[in-house]
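Visitor: Could you take me on a close look at one part of this model? I'd like to hear about the aromatic rings and whatever sits around them.

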Amino acid sequence: GGAYYLKNRGMPHLRANAWGKAKMIFQSVGVGLVLLYAIIPVSTFLIAAKAILGVSILFALISLATYGI
């Protein structure tokens with residue numbers, strides 16, 4: 001499909017930079033904590049999730065700013 005077409009038409013291959021990869025890890029852990037809070041309602045999970053998701057937003061902004069470098 002689409003990926004085959006783009007690969008064979010000489011389009012540049014875009015990869016995630018390290019900031020984007022770190023963002024994905026923090027985002028996954030944060031969402032995991034929110035889901036864990038849904039099962040086990042301990043407020044610490046929700047507080048930690050809020051902090052970790054905030055860090056993931058910071059990494060997303062850094063990734064956005066440095067992607068072209």
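Guide: Here is a walk through the aromatic rings and then through a few of their surroundings. Keep in mind that this is a predicted model.

Let's begin with the rings. The structure holds two aromatic pairs. In one of them, the ring centres of Trp 19 and Phe 59 are 5.6 Å apart and the planes sit at 35 degrees, so this pair is tilted. A pair counts as stacked with planes under 30 degrees apart and as edge-to-face over 60, and the rest are called tilted. Where do Trp 19 and Phe 59 sit in the chain? Trp 19 belongs to helix H2 (residues 18-39) and Phe 59 to helix H3 (residues 43-66), so the pair ties together parts that are 40 residues apart in sequence.

How much of each ring residue is covered? Phe 59 is buried, because its relative accessible area is 17% and buried means under 20%. Trp 19 comes out at 37% relative accessibility, so it counts as partly exposed.

Now for the other pair. The rings of Phe 26 and Phe 59 have their centres 5.2 Å apart, with planes at 20 degrees, so here the pair is stacked. This pair also links distant parts of the chain, with Phe 26 in helix H2 and Phe 59 in helix H3, 33 residues apart. Phe 26 has a relative accessible area of 30%, so it is partly exposed. Put the residues together and you get one aromatic cluster, formed by Trp 19, Phe 26 and Phe 59.

Let's stay with Phe 59 for a moment. Leaving out residues up to four places away in sequence, Phe 59 touches Trp 19, Ala 22, Lys 23 and Phe 26. There's a backbone view of this too: Phe 59 and Gly 20 are 39 residues apart in sequence, yet their C-alpha atoms are 6.8 Å apart in space.

Ser 56 is another residue of helix H3, and it has some contacts to look at. With a relative accessible area of 5%, Ser 56 is buried. Its side chain reaches the backbone oxygen of Leu 53 at 2.7 Å. Setting aside neighbours within four places in sequence, Ser 56 is in contact with Lys 23, Phe 26 and Gln 27. Lys 23 and Phe 26 are also among the residues that Phe 59 touches.

Next, another aromatic residue, Phe 45, which also has its place in helix H3. Phe 45 is partly exposed, with a relative accessible area of 22%. Its C-alpha atom and that of Leu 33 are separated by 5.6 Å, although the two are twelve residues apart along the chain. What does Phe 45 touch, not counting residues up to four places away in sequence? The list is Leu 33, Leu 36, Tyr 37 and Ile 40.

Two of those names come back on the surface. Leu 36 and Ile 40 form a nonpolar patch there together with Ile 39 and Val 42, with about 330 Å² of accessible area together. Leu 36 has its place in helix H2 and is partly exposed, at a relative accessible area of 30%.

Technical notes:
Residues numbered from 1 in each chain as written. Predicted model: local features only at pLDDT ≥ 70, side-chain atom pairs only at ≥ 80, totals over all residues. Heavy atoms only, no water. Phe/Tyr/Trp six-rings, centres within 6.5 Å; stacked < 30°, edge-to-face > 60°. Helix = DSSP H or I, 4+ residues; strand = E, 2+ residues; numbered from the N terminus. Buried < 20%, exposed > 50% of the residue type's maximum accessible area, 1.4 Å probe, protein only. Contact = heavy atoms within 4.5 Å. Patch = residues over 30% accessible without salt bridge, like charges linked within 9 Å, V, L, I, M, F, W, Y side chains within 5 Å. Areas by Shrake-Rupley, 256 points an atom, 1.4 Å probe, with all protein chains shown as cover. Salt bridge = Lys/Arg side-chain N within 4 Å of Asp/Glu carboxyl O. Polar contact = N/O pair within 3.5 Å; in protein donor to acceptor, adjacent residues only side chain to side chain.
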